[in-house]
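Please read these notes with the model open beside you. They take up a few places in turn, and each point can be checked by eye.

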Amino acid sequence: MVCVGGKYQLLGKLGSGGTSSVYLAVDNVLHKKWAVKETSNENLDSDKKALILQSLRAEVEVLNHCNHPCIPRIVDFFEENGRAYAVRDYVEGSSLKTIIAQSGVITPSQVCALGIQLCELLQYLHSLNPAVVYCDLKPSNVMISNDSSVHLIDFGSALELKGEDGVLVQPSRFKQYARFATCGFAAPELFEQDAKIGVFTDVYALGATLFYALTGTCYLESSNHSDSSLSFNNSDFSSFSSNKTLDFKDSNKSHPLTNFDLSCDDCDSGVRYVLMRALAHNPKDRYEDCAEFSQALKDCLEDLEFGEKVESNMGESGLVLRNKERARGAQTRKKYDASRSSCARSRLRVESGNQNIGKRHKKNGVKNGVKNGKKNIFKIVCCALMAFIGCIVFAFACKSVITNASRAKVSELRSYVKSGNIPTKNKNASNITSSVQEYKKYMSKAAKSTDSRQIVEYVNKAMSLQVKLFNANVQPMSIQPALRLLVNQIEDFRWSASEREDFTSFVNKYKSDLKKSEDWYELCLSVGKAYWYYGVKDKEESSSANRKERIEQSAKWFEEALKGVKAKDYESALMYSTLGKGYLDLTNYSQAKPKPKVREYAGKLRAFVENAKKNENEIVKIDASEIVFESLNSWSAQFKADGVNQDIVEKIFDDALDLARSLKSQNKNVDNRVKSIMSQADPLIDSIENAFDNSGA
């Protein structure tokens with residue numbers, strides 16, 4: 001099994017591209033899974049190697065600026081054997097591309113809901129300073145985790161917009177190597193020389209991704225549908241014809257997984273036009289940003305949900321409802337036409353009658369009209385005069401109000417400037433930006449340093465700055481400084497007493513702040529495991545000799561973790577907590593204390609070994625073997641007395657022995673521990689048999 005960076009064991013490939021591969025890896029220190037991106041520089045000239053390495057470093061830099069639960073964190077970056085590696089969070093779940101391939105397309109309502117979540121993610125990136133444009137949104141880069149949250153992965157094409165106008169003239173790497181963006185999902189401007197890139201670039205890619213989720217086909221493959229005014233032709237992409245990865249031979253062929261064709265009159269027009277606007281060739285014709293795109297999707301989703309309720313209540317399909325509406329519309333139009341004809345005939349009769357009446361009364365009307373006209377003129381003149389006087393009074397009143405308000409505003413502004421608040425406000429903004437940069441600088445120094453004193457100093461300064469930024473509502477509280485200190489201390493597979501003292505002092509100093517982080521309980525679980533596996537006295541190696549002390553110190557951390565650890569880690573925390581409690585109960589047992597639950601402890605031992613079998617970390621495996629051998633050597637008689645079957649005890653023994661035998665470690669400490677287990681095997685099985693025989697005598 002390949003190990004990189006001294007502690008990341010690569011378990012298997014998650015995916016690969018033209019220049020890199022992503023592996024699932026387990027951390028030998030934290031016993032946690034990570035995704036490791038490895039660049040491949042083989043068979044490439046020096047310029048391309050530099051470009052690939054620059055891209056990976058840029059990806060790391062962009063992710064270091066992000067602090068969002070649905071965007072992976074970069075936890076390590078290193079170069080080894082001519083290759084570069086970036087270690088980030090591993091998202092357990094499936095990509096949107098895999099889901100569509102396995103289960104088919106999703107419903108229009110689901111498309112809207114997915115789009116709203118992706119809009120929020122992209123809007124977060126666009127709101128950063130400088131703004132980040134993702135540039136390569138596509139189904140394979142959208143991960144749906146096991147808890148149904150939506151994540152973005154692979155920021156290899158992401159760019160920072162450092163221009164004042166929020167756009168960036170396209171970098172040369174996109175002109176020369178279009179493989180950094182995916183044809184069919186990337187916006188057309190990414191393949192045009194001297195084109196500008198902005199948030200509108202991600203709007204297009206999101207539209208193309210949602211189109212794929214809705215229809216099961218790429219937008220370019222369907223761009224020849226009837227409504228040509230809403231699409232652009234393949235010729236629009238002539239500038240990158242040599243880089244096309246799509247087959248346009250059967251562009252009019254329907255995808256077998258499509259739930260409806262967007263060119264069909266019976267499809268939901270709301271979803272259609274929302275996506276078509278996002279897919280406009282001209283960036284000016286798209287949504288202004290992802291917030292506007294999100295609102296359009298929310299409105300569409302509301303309409304869809306209302307339609308579904310109507311269909312559900314009526315017990316009729318949408319097509320039947322539409323047909324009935326059309327029928328009712330036709331009937332209404334007929335009634336309206338008939339009514340209009342009737343009214344027209346009546347109007348002709350009335351007009352004809354009025355003409356006759358007018359002839360008879362024309363003479364009298366002239367006389368009466370002259371008298372009435374004089375009265376009306378007098379009334380009009382009086383009303384106009386009163387209105388004029390009212391306007392003058394109103395104008396003077398408004399002028400007085402406005403003048404007083406303006407004076408108050410000017411006075412307030414002068415006082416504000418005189419007190420120095422405006423410069424202070426700008427100074428505060430500058431201080432915040434400076435604090436963010438300082439925080440990153442100290443975290444980077446802590447990651448690179450090998451001096452334990454300096455590391456403690458750096459993480460303390462980083463944590464102090466983070467508290468300041470949290471209190472200023474700039475960024476959420478994070479456990480990263482504490483985690484960085486812990487990782488640095490145990491990366492040699494030992495956690496000495498002096499190191500534990502430094503860590504405890506750090507946590508106690510900032511405990512009230514660390515508890516404000518949503519990852520506090522995950523930190524507690526990691527600390528508990530660190531005590532369990534690596535806690536040693538200064539200048540000694542981890543062994544069974546100090547197991548009781550290690551488990552005692554880990555117990556309080558597991559207990560704290562169980563108060564709020566995330567669902568995916570709860571079983572792990574519970575396993576360590578209950579097994580540790582059983583171990584300590586048996587170790588500390590005396591006649592004056594309640595009898596330990598031996599049968600329950602035997603069951604926990606068995607489960608612990610089964611869990612270790614699934615774990616790729618060799619420290620976890622050898623520790624499980626050791627605790628089993630120690631327990632069976634000490635308490636086989638108690639197992640028998642409490643009714644534990646001999647076959648079960650021997651099965652636990654066999655599993656632990658097989659676990660140790662499976663290890664072929666290059667770590668000297670682990671290798672010595674394996675040899676110790678092997679040397680104990682025969683005496684221990686004899687001891688177990690004797691214990692059960694003597695107990696039965």
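Leaving aside its neighbours within four places in sequence, with which residues is phenylalanine 629 in contact?

1. Phenylalanine 629, set in helix α17, is in contact with Phe653, Ala656, Leu657, Ile677, Gln680, Ala681 and Leu684, once neighbours within four places in sequence are left aside; contact here means heavy atoms within 4.5 Å. With a relative accessibility of 1%, phenylalanine 629 counts as buried, a word that stands for under 20% relative accessible area, whereas exposed stands for over 50% and partly exposed for what lies in between (1.4 Å probe, protein chains only). Between phenylalanine 629 and phenylalanine 653 there are 7.1 Å in space, C-alpha to C-alpha, although the two are 24 residues apart in sequence.

2. On the basis of the note: this is a predicted model, in which local features need pLDDT of at least 70 and side-chain atom pairs count only at pLDDT 80 or more, while totals for chains, interfaces and linings use all residues. Residues are numbered from 1 along each chain as its sequence is written, and side-chain values use heavy atoms, with hydrogens and water left out.

3. As for the whole, the protein has 19 helices and 13 strands, which are DSSP runs numbered from the N terminus (helices H or I, at least four residues; strands E, at least two). Of the 697 residues in the protein, 44% are buried, and among the contacts with a separation of 6 or more, 66% are accounted for by residues 24 or more positions apart.

4. Helix α17 (residues 618-641) also holds lysine 621, and this lysine is buried, with a relative accessible area of 11%. The side chain of lysine 621 reaches the backbone oxygen of alanine 612 at 3.2 Å. Apart from its neighbours within four places in sequence, lysine 621 has contacts that include Lys613, Glu616, Leu659 and Ser662.

5. How does α17 lie against helix α15, and at what angle do their axes cross? The axes of α15 (residues 567-587) and α17 come within 12 Å and cross at roughly 30°, where axes are lines fitted to C-alpha atoms, for helices over the stretch in contact, and angles run from 0 to 180 degrees between N-to-C directions. The two helices are therefore roughly parallel to each other, a label for angles under 35 degrees. Leu579, Tyr583, Leu586 and Thr587 of α15 make the contact with Ile627, Glu630, Ser631 and Trp635 of α17.

6. Strand β6 (residues 83-89) has six of its seven residues buried, so it is largely enclosed by the rest of the structure. Strand β4 (residues 33-39) pairs with β6 in the antiparallel sense over five bridges, pairing being assigned if DSSP finds at least two bridges between two strands; within β6, aspartate 89 is the bridge partner of tryptophan 34. Strand β5 (residues 74-80) and β6 are likewise paired in the antiparallel sense, over six bridges, and aspartate 76 stands opposite valine 87 in β6. The hairpin of β5 and β6 has two residues between the strands, and in it asparagine 81 takes a positive phi near 55°.

7. A further open sheet is formed by three strands in the order β7-β9-β10, with antiparallel pairing. Its edges are β7 (93-95) and β10 (150-152), each with a single partner strand, so one side of each is left without a neighbour in the sheet. β7 and β9 (residues 142-145) pair over three bridges, and serine 95 stands opposite methionine 143 in β9.

How values were computed. A polar contact is a pair of N or O atoms within 3.5 Å; within protein, one must be able to donate a hydrogen and the other to accept it, and residues adjacent in sequence count only if both atoms are side-chain atoms. Angles under 35 degrees count as roughly parallel, over 145 as roughly antiparallel, 65 to 115 as roughly perpendicular and the rest as oblique.
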